[in-house]
Amino acid sequence: MAAVPGKRHNGKYPRARHVTAKRKLMRYICIHSHFYQPPRENPWLEAIELQDSAYPYHDWNERIAAECYAPNSATRILDPNGQIRRIINNYSWISFNFGPTLLSWMEAKAPGVYQAVLAADRESRKRFRGHGSALAQAYNHMIMPLASRRDKVTQIRWGLADFRRHFGREAEGMWLPETAVDLETLGIMAAEGVRFTILAQNQASRVRHSGIRTWRDVSGSHIDPSRPYRIRLPGRRHIDVFFYDGPVSRAVAFERLLENGERFAARLLGIFDDSRTWPQLAHIATDGETYGHHHRHGEMALAYALNYIESNGLARVTNYAEFLKLHPPTHEVEIFENSAWSCVHGVARWREHCGCNSGSRPSWNQHWRTPLRNAMDWLRDAIAPRYEQAAAELLDDPWASRDDYIQVMLERGARTRAAFLGAHAKGDPSPEGQVTIWKLMELQRHAMLMYTSCGWFFDELSGIETVQVLQYAGRVIQLAEKLFSHPFEADFVDRLREARSNISEYGDGAGVWNKFVKPGMVDLIEVGAHYAISAMFKPYPDEAQIYCYRSERQDHQAIDSGRLKLNLGRVKLTSDITGEAGTLAYGVLHFGDHNVSGGVRPFRGEQAYQTLARSITEAFSRADAPGVIRLLDGGFGSNIYSLHSLFHDEQRSIIDMILDDTLGEAENAFRQLYEHHAPFMRFLAGLGTPLPKVFRTTAEFALNGYLRRAFSADKIDLTRVRSLLEQVSVGSVELDATTLEFTLRRSMERMARQLAADPANDEALRTLAGAAGLLPFLPFSVSLWTVQNVCYRLLNDVYPARLGQAQAGDQAAQQWVSRFLELSERLSLRVDANQ
């Protein structure tokens, strides 16, 4: 069993070593966390679609947010009895960067965590002499040494603009993706006002004391990481660099150091060397997901270690910008260009088969990396001159316009678009000209995204990360072919044929393209098909949002005949991204269940539309289903669609709707079987006789269903749940712990929100306390993070006043205090006597 972070198994805490005030002034600690997820949005819908592998969450961003990003915003520090004595925001104590694409996702999908991150940067500025702990990052995690100079400039400018927009200040430091570095990139960063970055020890070549000519070789990770260094750059510029401690960083990431906060604190303190006569910085850098996602409760070990070190005066917690202000570099350094923290071969991992991989499939190779990069480079270089020529007709400076397009990417409102056109457009572009401008800009945005490093990092060409960058390339090709009337796809796919998959089913890059990319390409017709078919099951209002498209219904007819249903209509669709718009006519026939056939085509005028609609409705009124299908085929040509044509989330939602009746029938049948045979099952269990498989399956289906419904009720029937759990125990029934935990957690979070909205509501308090009373009886653990956060705030903000009222003789307050103490105990919240 893993130790509670920061706590010995015997419950004792480490004895603090005495540190003199003078020594403390010389000892600083900084933890840097690089929080990043690859962009996962569908390039055509601008949204992350359902990812089943992340269940019970919608997608991996959501899951990792729940396991890491959220816990670090409200991290528990436990007392020796395992009770929560403090909840702190880790981000305010560490140095960190968030990938810009991840932070934008968080702003929309996890706003509470997003606000906690911004608040932490503001708090760190108070704590660290005006220097915030947040760092910027090159925009979409491109490997900078492998990028063109023009792309490097855009990546850095986009990253800095994104940082300003979120954090409301200029970035002092910038994280380089994979710490991949070359002097050209550093020169651009310095020119854009970046003061420092962070590298690995193995990236340092030689050092010297400023003002001394003699260099000392420090290759092989022999550079002293306890001080900052300065890199002299062309043009009389410079940038400062911190080289993080490699051994301790590796121990955090890969050697289970986070299983115990005490050992973590000791290892950090072990970095200091009393023989050093200068102010020492003990600092590490890892992926931020290490703290909670890769290592469960890792955020608690981090909080414990920093709290222990700071509270015992063993060192001073700082961030890089503050340390740099207090202790500017006294040494210069030269680096190994084209090096990175995650490839011992420089930056080969992102362009060739170098041997660096996850290690999970030793027989696989990564020779596909070279042709994939060659194909991307060819596409970039093929579109660049055409982009420049087309954009020059509409924009003053095509490349300056691209750099400034980040403002529109961050806020796609009418005011931002108008400001962009006012700053960059030649004259007053027509509506058609504006659509062309937005398409040109989107072409370049996706040409950036297709170089996201994760596409080359892992083991297999058909992996989700590589498919994602191929999808971005697909969007580039789609836009380029429309803009420039030139075929790009065939030449691109020919180059992909040289990339061999490790999975024989896919063959090569062309096979991966045809299976995973080509079918997902979307234009207005596909969006119209989604609208038309999904409207058969979930009618839309006159105006609706479908991912990044707006729909305006212009006509809609719905006719039923028994199980048969017919929808006809026309709709105008407009892209929020490019402004492209079109009016489409549609017709859909639903036979019941999953059998749907629909057609979509561009609107060809009122007469043609009415003629087609009239002929289809006449055939439908005669119950001539084959005739309707023939008319749909004839009227809409090859643009015939089915449930397969729906976007993934809506497809799953509609299939669930169709399944509801079927599953309901099956559940009723299992429930009746279980209730009929339950006494005999208990009799067999009492004899120690294994249940026959049919009985075991019946019990599992029925009891899981009973518990799922009980946990999702507005008020949980505690007696009923305990009875069901007893039946589970007696019959040795296997529970669907993942689903049941998630269901109960969401119910308790709903109860906690109700209590927070009205803390004096005795019924809300009783309901939540009752649900918490179930926890010891469950055969699985429940994540109480949100519920504990709510009750911790009540403990600090409401409980003291209620306690005072109770002590003054208020009986209602006495009852409230009694129940709240009971709830706090069940949630492992420590309540001090003088609180």
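Which helix holds Ser-401? Helix α12, residues 398-404, holds Ser-401 in this predicted model. The legends below take that site and several others in turn.

**View 1. Ser-401 is a buried residue of helix α12.** The relative accessibility of Ser-401 is 0%, so the residue counts as buried. Which residues touch Ser-401, leaving aside its neighbours within four places in sequence? They are Leu-395, Phe-420, His-424 and Met-441. Phe-420 is also one of the α14 residues that meet α15. Met-441 sits on the α15 side of that contact.

**View 2. Helices α14 and α15 pack at about 90°.** Helix α14 spans residues 414-424, and helix α15 spans residues 431-449. Their axes lie 12 Å apart. Angles of 65 to 115 degrees count as roughly perpendicular, and α14 and α15 therefore fall in that class. From α14, the contact takes in Arg-417, Phe-420 and Leu-421. From α15, Gln-434, Ile-437, Trp-438 and Met-441 take part. The residues of this contact divide into five nonpolar, one polar and one charged.

**View 3. A mixed open sheet has the strand order β7-β11-β10-β14-β8-β9.** Six strands make up this sheet. Its edges are β7 (196-200) and β9 (216-217), each pairing on one side only. Strands of a sheet pair through backbone hydrogen bonds, either parallel or antiparallel. Both senses can be followed around β14. Strand β8 (residues 204-209) runs antiparallel to β14 (residues 331-335), with five bridges between them. Across this pair, His-209 faces His-331. Arg-206 stands opposite Glu-334 of β14. Strand β10 pairs with β14 in the parallel sense, over two bridges. There, Arg-230 is opposite Glu-332 of β14. Is β14 enclosed or open to the outside? Four of its five residues are buried, so β14 is largely enclosed by the rest of the structure.

**View 4. Helix α6 carries a run of buried residues.** The helix covers residues 183-191. Thr-185, Leu-186, Gly-187, Ile-188, Met-189 and Ala-190 are buried. What covers these buried residues? The cover includes helix α5 (149-167) and strand β6 (174-175). It also includes β7, β10 (229-233), β11 (237-244) and β14. Those last four strands belong to the sheet of View 3. After α6 comes Gly-193, with a positive phi near 95°.

**View 5. Strand β4 is covered on both faces.** This strand takes in residues 95-98. In a regular strand the side chains alternate between the two faces of the sheet. In β4, Ser-95 and Asn-97 are on one side, while Phe-96 and Phe-98 are on the other. All of these residues are buried. Strand β1 (residues 27-35) pairs with β4 in the parallel sense over four bridges. Strand β5 (residues 134-137) also runs parallel to β4, joined by two bridges. Phe-96 appears in both pairings: its bridge partner is Ser-33 in one, and it stands opposite Ala-134 of β5 in the other.

**View 6. An antiparallel open sheet runs in the order β15-β16-β17-β18-β19-β20.** Six strands form the sheet. The edge strands β15 (543-546) and β20 (640-641) each pair on one side only. Strand β19 (residues 595-602) meets β20 in the antiparallel sense over two bridges. Gly-599 is opposite Ile-640 of β20.

**View 7. Helices α20 and α21 lie across strands of that antiparallel sheet.** Helix α20 (residues 524-535) lies across β15, β16 (549-561), β17 (564-575), β18 (581-592), β19 and β20. Its direction makes an angle of about 40° with β18. Helix α21 (residues 606-621) lies across β16, β17, β18 and β19. Against β17, helix α21 runs at about 160°.

**View 8. Model confidence has a mean pLDDT of 94.** Of the residues of the protein, 97% reach 70 or more. Over residues 1-16, the pLDDT is below 50. That stretch has 39 contacts in the model beyond near neighbours in sequence. Where pLDDT is low, the predicted coordinates should not be read in detail.

Definitions and conventions
Residues are numbered from 1 along each chain as its sequence is written. This is a predicted model: local features need pLDDT of at least 70, side-chain atom pairs count only at pLDDT 80 or more; totals for chains, interfaces and linings use all residues. Side-chain values use heavy atoms; hydrogens and water are left out. Axes are lines fitted to C-alpha atoms, for helices over the stretch in contact, and angles run from 0 to 180 degrees between N-to-C directions. Angles under 35 degrees count as roughly parallel, over 145 as roughly antiparallel, 65 to 115 as roughly perpendicular and the rest as oblique. Contact means heavy atoms within 4.5 Å. Ala, Val, Leu, Ile, Met, Phe, Trp, Tyr, Cys and Pro count as nonpolar, Asp, Glu, Lys and Arg as charged, and the others, Gly among them, as polar. pLDDT is the predictor's confidence in each residue, from 0 to 100. Two strands pair if DSSP finds at least two bridges between them. Buried means under 20% relative accessible area, exposed over 50%, partly exposed in between (1.4 Å probe, protein chains only).
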